[in-house]
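Hi everyone, thanks for coming. I'd like to walk you through a model I've been looking at, so please have the viewer open.

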Amino acid sequence: MKRAKLFSGSQAATLRKVLKHIGRYRLLVFLSLALSAATVVLTLIVPILIGRAVDGIIGAGAVRFDVIWPLLRGIGICVALTALGQWVMNAVNNRITFDVVRDLREEALEHINRLPLSWIDGHPHGETVSRVIADADQFADGLLMGFTQLFSGVLTILFTLAFMFSQNALITLVVVAVTPLSMFVARFIATRTYAMFRLQSETRGEQTAFIDERLGGLKVVQAFGREAAETERFDEINDRLRDCSLKATFFSSLTNPCTRFVNSVVYALVALTGALTALMPGSAMTVGMLTAFLSYANQYTKPFNEISGVVTELQNAIACAGRLFELIEAPAQSPDLPGAEPLQAVQGQVDWRDVCFSYTPDRPLIEDFNLSVAPGRRVAIVGPTGCGKTTLINLLMRFYDPDSGTISVDGRDALTIPRRSLRAAYGMVLQETWLKAGTIRENIAMGRPNATDAEVVAAAKAAHAHSFIRRLPEGYDTVIGEDGGQLSQGQKQLLCISRVMLCGDGAATEEGLHLPPMLILDEATSSIDTRTELKIQSAFARMMKGRTSFIVAHRLSTIREADVILVMRDGHIVEQGNHESLLAQNGFYAELYNSQFAGAEQA
Amino acid sequence: MLKYLRKYRLECVCAPLFKMLEALFDLLVPLVVASIIDRGILGGSAGHVWRMCGVLVALGLIGLAAAVTAQYFAAKAATGFAADVRHALFERLTALSFPDVDRVGVSAMITRMTSDVNQAQTGVNMALRLLLRSPFVVLGAMVMAFTIDARCALIFLAVIAALSAVVCAIMAVNIPMMQGVQRQLEAVLAATRENLTGARVIRAFRREDAQYQAFRAKNRELTSRQRRAGRVSALLNPVTYVLINAAVIVLVRQGALRVDAGALSTGAVVALYNYMSQILVELLKFASLTVTINKAWASWKRIASALALTPSITSPDAMESPVDPAAPAVRFDHVTFTYPGAASPALEDIDFAVAPGQTVGIIGGTGSGKSSLARLIPRFYEATAGTVSVDGVDVRSWPQVELRRRVGVVMQKASLFKGSIRDNLRWGRDDADDESLLRAAETAQALDVIEAKGGLSGEIEQNGGNLSGGQRQRLTIARALARRPEILILDDSASALDMATDARLRRAIADLDYRPTVFIISQRTASIMNADLILVLEDGRLAGKGAHAQLMESCPVYREIYDSQFRKEAAS
């Protein structure tokens, strides 16, 4: 009932999913709750025992040691049990928290590898990473700790009330009447400061974006001598941030003193009613009971103050969980058809029939595209940068699937082939040189993890990478970081080529290479110097012999040696044919060709 | 740190002072309660009870006033401090020279300015509020205990010592463990990132399972580290609870004996017990405070080391020798350049001169030193030997602002900034009117970009996110042209342009009426073959210089590069 008020509909839905994930640990959760209840009760018994002991201290020469000693022993046992209970409870809570986060992270990552590329391309990586890392952490801290705090807080309040009521109804009524005031004060301040905090985080975001750009482009800032001008603009944001940050910090920091003041009023009232009751003739109220009541008054108001904080924390945790679940529940790519047969002995016949594709429905890219590539043929894809050449790669590799029409390999619709089997048939070199963090060897053997050293070296040699790898401090065991570390762009490119040499499933060539039956190559534009590139071209040429190849081409030689040239512009395939026939058409290809190459040929 | 807090001297003194005032009133409460018990209840005076409860409320009120004042001063000092530090950092970091920027790294600089400063701000705020308050309450409670009964107060001394020792020990063990957890978390983060950035390659090489297993191993290691660290920190609460309550038991026992001996009143025992509770509360607060302060201090140390950076390249405030109009626009006199920390020079013995208005093409393989050469002209980096001069004056004698005003550089990485296109182009020249901006854009072949974005007022997103690579490059060229530079450097800045646009761009630059000296760096022979002077670089050395025809005759490296792009194809 309380929960319904605290959380909105979508939050409640998230909460249900969270509970499902915690379900595995249900025994531990029950243990934690039981321990929490036990420690709360034990903690509350201690002041009563101390109160009774105080009552035994009547005055000089009249101290009832016979009462006090057993009480002190009782207190000792309670304290020992409480401490033990707290310790086990902390350990159990840690266990639940850490394990739930671990499960969620593993689930998230497993799901990431099943998500369609369109999802990954469509969400900034940093944001997704922060869901898996920061949101998961916040969720764990906030939600699980929040749950236990909420539970023990509510229990403390209920038990304290019950204990107090059993001792003295009047004081209990006074306490019950006044304490909600502190919650009210806290709520009042929280709602007033919410807007200030939002303004602060917005301004902070604005400043971070500014800093990110200016420092990221610092060399440009300096090249244009803009240091002073940009500092001025920075200061304008900075001053605003200081002012709104002062407001948010100050007003939110009022919560604590204000609730503390309410507490001291409660404290004074308990002292007053307690003392006056004790003064009434025939009253059962003793000094020891008053002491117990006063320490209850402290214990009782504390959870009230905490609960208001816990609620915000819980809501924040649920928001984090919501973002994490959004990732985990994003629709995965369509599963492979049940019983789909893997490709066998691929020949390399690729047919495109009436293929339509677009990234967004309102911007059609590829429409009714037809192409038949016989085994061993070369297809060059040309066009200005950004014209959508990679779209064809996306479709061939089934990173994306066509909206309609079929792409078939050896006569089989690619949609009916298991993705792994289809992708194993292609060797892919992209311009964007992604390497995994690890050793050079691991990178080269990426498609064949159990490759022998000889095979790795053969692959590196075939890609002309061997000589530079040998010169690295640790040779093939040199560890490279996330972004390829100390390697130059060109060297990374060479490694990307090396790893294709081993990625096929078939038998080894005479050089010990395992080349796949089909190739997808995105020619490097500018990162490899031309002479190295000549060598790579020869390696490429050898690689392509007898293999169906799709090449995003920048070099004239590649283009002219292709069996089919696809000319792309603004995402569309505008022309298709071989070099001579396209030149004869005198269209876009001819224009491209003349602007770059024609002059050179005459020279 | 004191330097930045000095401005908030008043706040820094007042905040803890008022906090202590508040604490002082807190400390009086147990005495008032003792008086209620002894004189009110045991003495049978209802009037005294009323008065004393009034005093309790009054103490609360004064405490509230003191606390509010303290919070204000603390917030004021902390936010002001943070703003000043951010300003100082921004000024300091933007003044760094290129080699320094390379060394420090941009992401580290951004972290310093954002999360580190925020941590430091929280640290200052909390420290001002609590750092003095908690020890004050603990010590104050002890002093009060001594005034009530010295022998019972010894128990306080013992328990405070024991508690401090336990808290310190737990922290000392726990903090390094938490750092280990943090490092492992970063490893998990990197593994997550890898699966996103490498999604295509991972799938193409069918490594999904292996990647998942690798992630899982890292993630499990994180969990086990978290558990180990958690086991230690889980001790904190129970141990302090046991210690304090053990002390309470000893206290009641001792109190009972003293009361029996007639040396102490019942109210005094209750007061001692209350002081003990206060100590418990404050010590727990203090423990969590030390964690915050620890973090803040670590952040501050990182900030301080960033603030201590000084630019490694400095320049005179005024020209030291006059410009020679007859001198070459740019001259390299046997220049050698080594990147800081590099083993071998990036450029070796480079020697050439360029007359004003000439076009220079620079060509060579990856890592041959093309960009390095260009970076020496506006003195982004400093030649290790030899001299670079502009208009006959050594670049080291030029005031930096003056030198860079004459040089328009278009870098490989095209950075634009959030704001209108007009704002971005005006970086070239603050007072440029729309017409001259459009003229620059026309030369840069960027008119269609401006049109597509809705004119000069069109908005560019952060880092030029709403533009394609080619669009960004053309706008950065326009920005450099807007200042009508005497020397224009295009550092492989047309790589994302298609061949036809690239050719039009070169023609338009050659037709500029103010005839700048132009340096074109490219991998494409076609882009530079018409230059007046072509510099051929190989492994940081000048393998040839001259015009195209001349180099084809005399320079084997140039011929080889040329052939790799044209001749063989023409022959085949």
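Let's begin with a pair of strands in chain A: β1, residues 350–357, and β4, residues 404–409, run antiparallel and are joined by 5 bridges. Keep in mind that this is a predicted model. If you'd like a landmark in that pairing, W352(A) sits opposite I407(A) of β4(A).

Now zoom out a little. Those strands belong to an open sheet of 4 strands in chain A, ordered β2-β1-β4-β5, with antiparallel pairing. Which strands stand at the edges? They are β2 (366–373) and β5 (412–413) of chain A; each has a single partner strand, so one side of each has no neighbour in the sheet.

Next, a backbone point for the torsion fans. Most residues other than glycine have a negative phi. Back in strand β1 of chain A we find D354(A), which is not a glycine yet has a positive phi of about 50°. D354(A) is exposed, with 12 other C-beta atoms within 10 Å.

Over in chain B, Q445(B) also has a positive phi, near 60°, and is likewise not a glycine. It lies in the loop between α15 (434–443) and α16 (447–452) of chain B. Is Q445(B) buried or exposed? Buried: Q445(B) has 25 other C-beta atoms within 10 Å.

Finally, the contact between the chains. Chain A puts in 127 residues and chain B 129. On the chain A side, helix α4 (residues 65–112) gives the most, with 22 residues. By class, that side of chain A has 66 nonpolar, 36 polar and 25 charged residues.

That's my tour, thanks for listening!

Conventions. Residues are numbered from 1 along each chain as its sequence is written. Chains are lettered from A and ligands numbered from 1 in the order in which they are written. This is a predicted model: local features need pLDDT of at least 70, side-chain atom pairs count only at pLDDT 80 or more; totals for chains, interfaces and linings use all residues. Two strands pair if DSSP finds at least two bridges between them. Helices (H or I, at least four residues) and strands (E, at least two) are DSSP runs, numbered from the N terminus. Two residues are in contact if their C-beta atoms, placed from the backbone, lie within 7 Å. Ala, Val, Leu, Ile, Met, Phe, Trp, Tyr, Cys and Pro count as nonpolar, Asp, Glu, Lys and Arg as charged, and the others, Gly among them, as polar. A residue is buried if 20 or more other C-beta atoms lie within 10 Å of its own, exposed if 12 or fewer, and partly exposed in between; C-beta atoms are placed from the backbone.
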